[in-house]
Amino acid sequence: MTFLSEGLITKGVGGFYTAVSADGCAHTLRAQRKLRRQHLTPMVGDRVEFQPGAEGEEGWLVKILPRKNHLTRPPVANIDVALLVVAAASPDPDLILADRMLVAARQAGIRPIVAVNKADLDPEKASEILAAYRAAADGALLVSARTGEGVDALREALAGSVHALSGQSGAGKSSLINALYGLKLTTGQVSRIERGRHTTRHSELIALPGGGMVLDTPGFSLLESELIEPIHLKDYYPEFARYEGDCRFSPCAHASEPGCRVHEAVEDGRIDPGRHERYKQLFDEMTQRWKDRYD
Ligand code: GDP
Ligand code: ZN
């Protein structure tokens, strides 16, 4: 009878995994052959059971505990919060990309928080974007990685969570993580596996003082939302929720139906018109994908 320890995978390179146990100790592990035979590949963020190694030796990773979610690019499991970084300017904000990421994050069961960065460059535009996303995300903040504005508040909003950053290239993810934690993101950095022909990017979860962890590689896999029946797309828009069931038609997609309460709310400014306009675009897209689903 051996006693297994429980830990969290923070890193995996060349078949060696680092698991951190509750007492904060780091253990180097190899996956048991049984796992490999079952094609169960441990991911950064996995909670696992393992048999610690004897002094100076690797231990064995025995079991991967059920994941609450996982992303594929970069591969990571059990993320609590996706920090969506949108720049107010330079690059011009791609808000439909932001909307897609919000939908995809919610589909994966990840809480989205929006950081409107580069507020120093265009404060007016930054406030505008903030207003549009306040009701859309589980938190929205104005920040500037350059001046430090809003960085403390953002750190507080993220405290205790396992989080990953995503957003347009150049939005300031790398700079923000540096401003938040004094860490350099390994964005774009490629490390070569010894003897290997191909290059791989290794993500690592970094433990933060006071609890919580941050993924050192920005995420890209939140781009594409999962295929769903178009009528359910609205369920990922929290700003529509209070009008649900009050429209003339039931169900109502809140797209172009007459007698739609969401439309009314857009008309009189209770819902951001841009968000709704882009929703209709995503709704049409999802409708097309749904039609093509057997092709
Ligand atoms: P990433 O691709 O999202 O990781 O973006 P980076 O962090 O590499 O930032 C892209 C560029 O924007 C860099 O030149 C940063 O110095 C700049 N930058 C990042 N945050 C801010 C900000 O808050 N204000 C201003 N003015 N520039 C910023
Ligand atoms: Zn409606």
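**Close-up 1. Helix H4 and its buried side.** In H4, the residues Val-151, Leu-154 and Leu-158 are buried. They all sit on the same side of H4, because the arc they cover around the axis is only 60°. Keep in mind that this is a predicted model, here and in every view below. Flip to the face of H4 turned away from the buried side and you'll find the exposed residues Asp-152 and Glu-156. As for what covers the buried residues of H4, the list includes strand S8 (81-87), S9, S10, strand S11 (162-166) and H5. Just past the end of H4, Gly-160 takes a positive phi of about 85°.

**Close-up 2. Ser-144, in the loop that runs between strand S10 (140-142) and helix H4 (151-158).** Is Ser-144 buried or exposed? Its relative accessibility is 0%, so Ser-144 counts as buried. Its side chain reaches the backbone nitrogen of Arg-146 at 3.2 Å. Setting aside neighbours within four places in sequence, Ser-144 is in contact with Asn-117, Lys-118, Ala-119, Asp-120, Glu-149 and Val-151. Val-151 has already turned up as one of the buried residues of H4, while Lys-118 and Asp-120 come back in the next view, among the residues that come nearest to ligand 1.

**Close-up 3. The surroundings of ligand 1.** Which of the 15 residues around ligand 1 come nearest? They are Lys-118, Asp-120, Gly-170, Lys-173 and Ser-175. For Asp-120, a polar side-chain atom lies 2.8 Å from a nitrogen atom of the ligand. Gly-170 uses its backbone instead: one of its backbone N or O atoms lies 2.8 Å from an oxygen atom of ligand 1. With Lys-173 it's again the backbone, a polar atom of which is 2.8 Å from a ligand oxygen. On its own, ligand 1 has 580 Å² of accessible area, and the protein covers 74% of that. Helix H5 (residues 173-181) gives the most to the shell around the ligand, with 3 residues.

**Close-up 4. Two non-glycine residues with positive phi, Lys-118 and His-39.** Lys-118, one of the residues that come nearest to ligand 1, has a phi of about 60°. You'll find Lys-118 in the loop between strand S9 (111-117) and H3. Lys-118 has a relative accessible area of 17%, so it is buried. His-39 has a phi of about 55° and sits in the loop between helix H1 (33-37) and strand S4 (47-51). At 69% relative accessible area, His-39 is exposed.

**Close-up 5. Two cis peptide bonds, one from Arg-73 to Pro-74 and one from Ser-250 to Pro-251.** At the Arg-73 to Pro-74 bond, omega is about -5°. Pro-74 belongs to the loop between strand S6 (70-72) and strand S7 (75-77). At the Ser-250 to Pro-251 bond, omega is near 0°. Pro-251 is in the loop between strand S15 (213-215) and H6.

**Close-up 6. Gly-219, in the loop between S15 and H6.** Gly-219 is buried, with a relative accessible area of 8%. What does Gly-219 touch, once residues up to four places away in sequence are left out? The answer is Arg-73, Pro-74, Leu-165 and Ser-166; Arg-73 and Pro-74 are the pair joined by a cis peptide bond in the previous view. Follow the chain for 11 residues from Gly-219 to Pro-230, and the two C-alpha atoms are separated by 25 Å.

**Close-up 7. Helix H7 (residues 273-291), from its cap to its two faces.** H7 has 19 residues and reaches 27 Å from its first C-alpha to its last, close to the 27 Å expected at 1.5 Å a residue. Asp-272 caps the N-terminal end of H7, with a side-chain oxygen 3.2 Å from the backbone nitrogen of Gly-274. Buried in H7 are Arg-275, His-276, Arg-278, Tyr-279, Leu-282, Phe-283 and Met-286. These residues are on the same side of H7, because they cover an arc of only 160° around the axis. Their cover includes helix H2 (95-107), helix H3 (123-134) and helix H6 (261-267). Over on the face turned away from the buried side, H7 carries the exposed residues Asp-284 and Lys-291.

Note on methods:
Residues numbered from 1 in each chain as written. Chains lettered and ligands numbered in written order. Predicted model: local features only at pLDDT ≥ 70, side-chain atom pairs only at ≥ 80, totals over all residues. Heavy atoms only, no water. Helix = DSSP H or I, 4+ residues; strand = E, 2+ residues; numbered from the N terminus. Expected span 1.5 Å × (residues − 1). Buried < 20%, exposed > 50% of the residue type's maximum accessible area, 1.4 Å probe, protein only. Arc of directions from axis to C-beta. Contact = heavy atoms within 4.5 Å. Polar contact = N/O pair within 3.5 Å; in protein donor to acceptor, adjacent residues only side chain to side chain. Near = heavy atom within 4 Å. Areas by Shrake-Rupley, 256 points an atom, 1.4 Å probe, with all protein chains shown as cover.
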